[in-house]
Amino acid sequence: MNSQFYVTTPIYYVNAEPHIGHAYSTIVADVLTRFYSLAGLETFFLTGTDEHGDKIVSAAEESGQTPKEYVDRISGLFRTLWPKLNISNDYFVRTTDTGHQDTVRFILNRVNERDDIYFSEYEGLYCFGCERFYTERELVDGKCPDHKTEPEVIKESNYFFRMSKYQDWLIDHIRQNPDFIRPERYKNEVLSFLKEPLEDLCISRPKSRLKWGITLPFDENFVTYVWFDALINYVSAMGYPDGEGFKHFWPSAQHIIAKDILKPHGIYWPCMLKSAGIEPYQHLNVHGYWNVNEGKMSKSIGNVVRPLDLVDIYGLDAFRYFLMRDMVFGLDSDFSEEALVGRINADLANDLGNLVSRSLTMVHKYFKGELPEPGPSEAADEELRTAALELVDRYEESMKGLGFHKALMAIWEVISKLNKYIDTMEPWVLAKSDMERLGTVLFHIIEPLKTVAALIWPFMPESAEKIQDQLGLSKKGRDFVLEDLRAWGEERPVRAMKKAPALFPRIETKKHEDPAEKEKEKMPEEEVPLISFDEFQKMDLRIGTVIKTEAIPKSKKLIKLTVDIGEERTVVAGLLGHYTEEDLVEKQVVLVTNLEPVKLMGVESHGMVLAAQDESGVHVLVPDVKTAPGSKVK
């Protein structure tokens, strides 16, 4: 593994204020930076704003400002927001920065010297929202797939980058480096696009149409196309070509983007780098959309969620935790305030908060905040020790693979084991009869709690450091490294632990008062809908792969599954108690796909998982070998 880690967010286009999609990308980069810091790497984290192009001019005119006044204001909103979300970026780049513009001109000249730029007349379908030309095959029903508008036919003379020259090289590079673009579905999407001949890229706009941009170094009458400007920030911010930052960190570069900008980052940017003589980035990490009201967030339809609105209500760490726990990286996820509150109450207040509070309260009560040396361990103690040590390896593997939800699920498995251990050991009973055993039990509670506190730090830095402070640890936050957690008991807190105030107060919600609506949405878990044999023969059975799980608040049996059957389906299944959430992720199941949707505990289920039951429990039906999702069961 490299000894450096360099991560970038997209530089955000300043035609609108920051929303939850921007926050998610940036928090992902922050979480990764903090994780690799724990792993002992030297890190650099870049974010910033993209400030040129047609849309900026239009937005500035609407606000009654000049383009410069407008971009200064909106860029300032992003710069101000990130510290409020505890974002630890090392540098904030703007494409209006002089240094960035100099680098753009340097790269344009270098690409031009290689005869990779030419002048030509072009007529094509242009989307002003995307600020790029589309081919017919890229359109959906003749419209831009993102803006749902018909592109305009534009005919003009411009400069073009010979991107087609690098098509075969790019295909070979992606195939030889399978994790160059990840998750795999986005690598496959890029390779699918590259099956067709790659067109050259128009990289200029005439000043007769657009003046707000970087002037081409070889023609004063044109400005640079916004993508040939914006993408270069990833090297300009590091001082390319001669800066030490570029030489030191670029070999470890990773980009975080949303799927709507896959093509510029997965095709334009590698070809630009190759032409300029720069080695490609290590990884392009692509995430899905946060959907609100069953659609991608859009300012035009009014479903934009502003991050600070939620942070101010529910707390920063709870907000960060929810985003990282509820989205499987690479897939879309549905945002709702109800789901956020459910996570806070179930995971943070009930599980983690309750564990910290009662653990430290007992240490304070029974040993005045100073734990004695532990006595001989028993089997239950050793199980906890093994679970805590194995957690570090599982966590590290999940984080490197962008499995943030898996890493958090693994942590919460240990939290659940700790809460169960406390209930089983009954320290309050031992306090009356066996203080030596009580000290050993509390040691085996506190030691895994130290591991939990360290591993949640990338996700919830403030809460993690509060727990570490309450534990009396000499190391907090980024001072920990993962290797410390493999040295069981060496950094043991034996000094005055503090009484722990509630980390995550429970959020009270209004009870549903409409009996008819309540009856409609809630189906008792004991009731199983019956179907006749004739109806069963009509069932469409498909193989599905579980890609995401989510506990349903107030239900002891039901779990919400996101299942890939060639498309994503939400299914509610009564599998809790028989399987953990993590057990189900990536498991293949047999799904009845053509049932009418039904609401179970308020969640609409679009299918039924088939399972068998005997005296040993419930067992889902699975194919004997891995099978393509969507395959029909005959």
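How do the residues lining the largest cavity divide into nonpolar, polar and charged? I started my notes with that one. The model is predicted, so I kept that in mind throughout.

**Entry 1: the cavity**

I searched the whole structure for cavities of 30 Å³ or more and got 1. The largest cavity has a volume of about 60 Å³. I then pulled up its lining, which comes to 13 residues. G53, E131, L210, T224 and V226 lie nearest the centre of the cavity. Back to my opening question: the lining splits into 6 nonpolar, 4 polar and 3 charged residues.

**Entry 2: salt bridges, whole structure**

Next I went after charge pairs. Side chains of opposite charge can pair when their charged atoms come close. The search over the whole structure turned up 30 salt bridges. I picked a few to look at one by one.

**Entry 3: R437 and D381**

I looked up R437 and found its side chain in a salt bridge with D381, at 2.7 Å from N to O. This pair links distant parts of the chain, with the two positions 56 residues apart in numbering. R437 sits in helix α17 (residues 435-456), while D381 belongs to helix α14 (residues 379-400). Buried or exposed, I wondered, for R437 and D381? Both are buried, and the cut-off for that label is under 20% relative accessible area.

**Entry 4: E244 and K247**

Here I noted a salt bridge between E244 and K247, with the closest N and O atoms 3.8 Å apart. Why are E244 and K247 separated by about one helical turn? Because they are 3 residues apart in helix α9, which covers residues 244-249. I checked accessibility too. E244 has a relative accessible area of 59%, so I put it down as exposed. K247 comes out at 48%, so it counts as partly exposed; the exposed label needs over 50%.

**Entry 5: K476 and D469**

Another pair on my list was K476 with D469, a salt bridge whose closest N and O atoms are 3.9 Å apart. That falls within the 4 Å cut-off, so the pair counts. K476 is partly exposed at 34% relative accessibility. D469 is partly exposed as well, with a relative accessible area of 30%.

**Entry 6: a network**

Last, I asked which residues are linked with K400 in a network of salt bridges. I wrote down D393, E396, E483 and R486 as the residues that join K400 there.

Note on methods
Residues numbered from 1 in each chain as written. Predicted model: local features only at pLDDT ≥ 70, side-chain atom pairs only at ≥ 80, totals over all residues. Heavy atoms only, no water. Helix = DSSP H or I, 4+ residues; strand = E, 2+ residues; numbered from the N terminus. Buried < 20%, exposed > 50% of the residue type's maximum accessible area, 1.4 Å probe, protein only. 1 Å grid on protein atoms, 1.4 Å probe; cavity = no way out; pocket = protein on both sides within 12 Å on 5 of 7 lines; lining within 4 Å. Points joined across faces, edges and corners; volume = space filled by probe spheres on them. Nonpolar A, V, L, I, M, F, W, Y, C, P; charged D, E, K, R; others polar.
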